[in-house]
Amino acid sequence: MQSEKLGDHHEIVGTLVSVENVGECTKLSFSIRKTYEIPRDAIPVEKLKKAVGSRVGIFNCSNNYKMRMANKK
């Protein structure tokens with residue numbers, strides 16, 4: 001599946017399905033069937049892996065990445 005880079009001042013919200021380190025990036029797969037790449041050191045992979053199966057938001061603010069737990073729909 002083709003992955004995208006998370007644009008500046010964009011947030012992806014969805015259920016995090018998997019986390020995988022690939023080269024210099026961490027690949028995040030969401031249940032919405034889109035895959036995004038963020039810099040490997042942007043968010044600790046352990047924190048991301050704990051969120052797999054949860055609805056999360058990943059926000060890119062000028063290459064300062066944040067993760068938040070999102071409300072259920």
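Colleague: A contact is a pair of residues with heavy atoms within 4.5 Å. Among contacts in the protein between residues at least 6 apart in sequence, what share joins residues at least 24 apart?

Modeller: The model is a predicted one, with an average pLDDT of 89 and 95% of the residues at 70 or above. Taking contacts between residues at least 6 apart in sequence, the share that joins residues at least 24 apart is 49%.

Colleague: Which pattern does the protein follow along the sequence?

Modeller: The secondary structure consists of one helix and six strands. Helix α1 covers residues 45-50. Read along the sequence, the elements follow the pattern β-β-β-β-α-β-β.

Colleague: How does the radius of gyration compare with the globule rule, and what is its value?

Modeller: The C-alpha atoms fill a box of roughly 30 × 25 × 25 Å along the principal axes. For 73 residues the globule rule gives 11 Å, and the protein lies close to this, so it is as compact as a globular protein of that length. The radius of gyration is 11 Å.

Colleague: In what order do the strands stand in the sheet?

Modeller: The sheet is open and its pairing is mixed. Its edge strands, each pairing on one side only, are β1 (3-5) and β6 (64-69). From one strand to the next the twist averages 45°. The six strands stand in the order β1-β4-β3-β2-β5-β6.

Colleague: Do β1 and β4 pair in the parallel or the antiparallel sense?

Modeller: Ser3 has Thr35 in β4 as its bridge partner. Three bridges in total join β1 to β4. The sense of this pairing is parallel.

Colleague: Which residue of β4 stands opposite Cys25?

Modeller: Strand β3 (residues 25-30) runs antiparallel to strand β4 (residues 35-39), and five bridges join them. Leu28 has Tyr36 in β4 as its bridge partner. Opposite Cys25 in β4 stands Pro39.

Colleague: How many residues of β4 are buried?

Modeller: A residue is buried if its relative accessible area is under 20%, and 36% of the 73 residues of the protein meet that condition. β4 is mostly covered. Among its five residues, the number buried is four.

Colleague: What distance separates the C-alpha atoms of Gly7 and Tyr36?

Modeller: Gly7 is found in the loop between β1 and β2 (10-22). With a relative accessibility of 28%, Gly7 counts as partly exposed. Gly7 and Tyr36 are 29 residues apart along the chain, and the distance between their C-alpha atoms is 9.7 Å.

Colleague: Is His9 partly exposed or buried, and what is its phi?

Modeller: His9 lies in the loop between β1 and β2. Its relative accessible area of 47% falls between the limits of 20% and 50%, so His9 is partly exposed. Most residues other than glycine have a negative phi. His9 is not a glycine, yet its phi is positive, at about 60°.

Colleague: Where does Asn63 lie, and what is its relative accessible area?

Modeller: Asn63 lies in the loop between β5 (55-61) and β6. Asn63 also has a positive phi, of about 65°, although it is not a glycine. Exposed residues have a relative accessible area over 50%. Asn63 is therefore exposed, with a relative accessible area of 62%.

Colleague: Which element has the highest mean pLDDT?

Modeller: Among the elements, β1 has the lowest mean pLDDT, 85. The highest mean, 95, belongs to helix α1.

Conventions:
Residues numbered from 1 in each chain as written. Predicted model: local features only at pLDDT ≥ 70, side-chain atom pairs only at ≥ 80, totals over all residues. Heavy atoms only, no water. Pairing = 2+ DSSP bridges. Helix = DSSP H or I, 4+ residues; strand = E, 2+ residues; numbered from the N terminus. Axes fitted to C-alpha atoms, helices over the stretch in contact; angles between N-to-C directions. Rg over C-alpha atoms; globule rule 2.2 N^0.38 Å. Buried < 20%, exposed > 50% of the residue type's maximum accessible area, 1.4 Å probe, protein only. pLDDT = per-residue confidence, 0-100.
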